[in-house]
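Good morning, and thank you for coming. I would like to introduce a structure that is new to this group, beginning with its interior and ending at its surface.

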Amino acid sequence: MNKKVIIALALVAVVGAAVAGGAVWYMSKGDAEHAEESKDGKDAKKKPKKEEKKSELPPKYLTVDKVVVMLKHEPSDTVTHYLSADLVVATDAKREKETKENLPLLRSVAVKTLSNLPMASARVMTIDQFAGELNKAFDHAFEEEGREKPFDEVMIGKLIVE
């Protein structure tokens, strides 16, 4: 009985160390990518403007109604898959009213974007990748209308893929 407990504790310690090592590796990988982006002249010019803008006004966060979509399925797939997402929009006090007025458009663009994802892609995407896809879609939608986006970014509050 004691050997089993010792073996179980040793196994938990090894798994914990592996998870911690993976987390350190993942975090250091993100810092290296960020450093490369900041070396680029264009990105270095854009980022301080955003940071100045965010530091001037306190951020406001608005929620978009829950987005539930049916994912694309392969012809051989007989099971229907769904994606549910709670979206959070980051803006400032000046643009809060305009952002609230655009929430139905944001929901519509989110539904269109997320429903085009196949289950195979959605299953392996990270939260940041989902947010990136949505932000690209919102940039494109406002660009098509010739308007400035009334918010800084869209973030994922909750995501369920089944």
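A nonpolar core, as I shall use the term, is a set of buried Ala, Val, Leu, Ile, Met, Phe, Trp, Tyr and Cys residues joined through side-chain atoms within 4.5 Å. Please keep in mind that what you see is a predicted model.

In this model the largest such core comprises 28 residues. Leu87, Val89, Leu114, Phe130 and Phe138 are the residues with the most contacts inside it. Two or more residues come from each of the strands β1 (59-70), β2 (82-92) and β3 (153-161), and likewise from the helices α4 (103-115), α5 (119-124) and α6 (127-144). Which element gives the most to this core? It is α6, with 7 residues. As a general remark, nonpolar side chains in soluble globular proteins tend to be buried together.

Let me place that core within the whole chain. The secondary structure amounts to 6 helices and 3 strands, and from the N terminus the order of elements is α-α-β-β-α-α-α-α-β. The chain has 162 residues, of which 26% count as buried. Among contacts with a separation of 6 or more, 72% are between residues 24 or more positions apart.

I turn now to Phe138. Setting aside neighbours within four places in sequence, Phe138 is in contact with Leu106, Val109, Ala110, Lys149, Phe151 and Val154.

How many aromatic pairs are there? The count comes to 2. In one of them, the ring centres of Phe138 and Phe151 are 5.8 Å apart and the planes stand at 85°, so this pair is edge-to-face. The pair links distant parts of the chain, since Phe138 belongs to helix α6 while Phe151 sits in the loop between α6 and β3, 13 residues apart. Phe138 and Phe151 are both buried. For Phe142 and Phe151, the centres are 5.9 Å apart with planes at 75°, so that pair is edge-to-face as well. Phe142 is buried, as is Phe151. Together, Phe138, Phe142 and Phe151 make up one aromatic cluster.

Phe151 also appears among the contacts of Thr99. Thr99 is located in helix α3 (residues 96-101). Is Thr99 buried or exposed? Its relative accessibility is 0%, so Thr99 counts as buried. Beyond its neighbours within four places in sequence, Thr99 is in contact with Leu62, Val89, Thr91 and Pro150, in addition to Phe151.

Helix α6 also contains Glu133. With a relative accessibility of 35%, Glu133 counts as partly exposed, because that class covers values between 20% and 50%. Apart from residues up to four places away in sequence, Glu133 touches Thr113 and Met125. The C-alpha atoms of Glu133 and Leu114 are separated by 8.6 Å, although these residues are 19 apart along the chain.

Finally, the surface. The accessible surface of the chain is about 11,600 Å², and 59% of that belongs to carbon and sulfur atoms. Which residues form a nonpolar patch on the surface? They are Leu11, Val15 and Val19, which together have about 290 Å² of accessible area. Val15 lies in helix α1 (residues 2-39), and its relative accessibility of 46% makes it partly exposed.

To close, I would draw your attention once more to Phe138, which is among the residues with the most contacts inside the largest nonpolar core and is also a member of the aromatic cluster. Thank you.

Notes: Residues numbered from 1 in each chain as written. Predicted model: local features only at pLDDT ≥ 70, side-chain atom pairs only at ≥ 80, totals over all residues. Heavy atoms only, no water. Buried < 20%, exposed > 50% of the residue type's maximum accessible area, 1.4 Å probe, protein only. Helix = DSSP H or I, 4+ residues; strand = E, 2+ residues; numbered from the N terminus. Contact = heavy atoms within 4.5 Å. Patch = residues over 30% accessible without salt bridge, like charges linked within 9 Å, V, L, I, M, F, W, Y side chains within 5 Å. Areas by Shrake-Rupley, 256 points an atom, 1.4 Å probe, with all protein chains shown as cover. Salt bridge = Lys/Arg side-chain N within 4 Å of Asp/Glu carboxyl O. Phe/Tyr/Trp six-rings, centres within 6.5 Å; stacked < 30°, edge-to-face > 60°.
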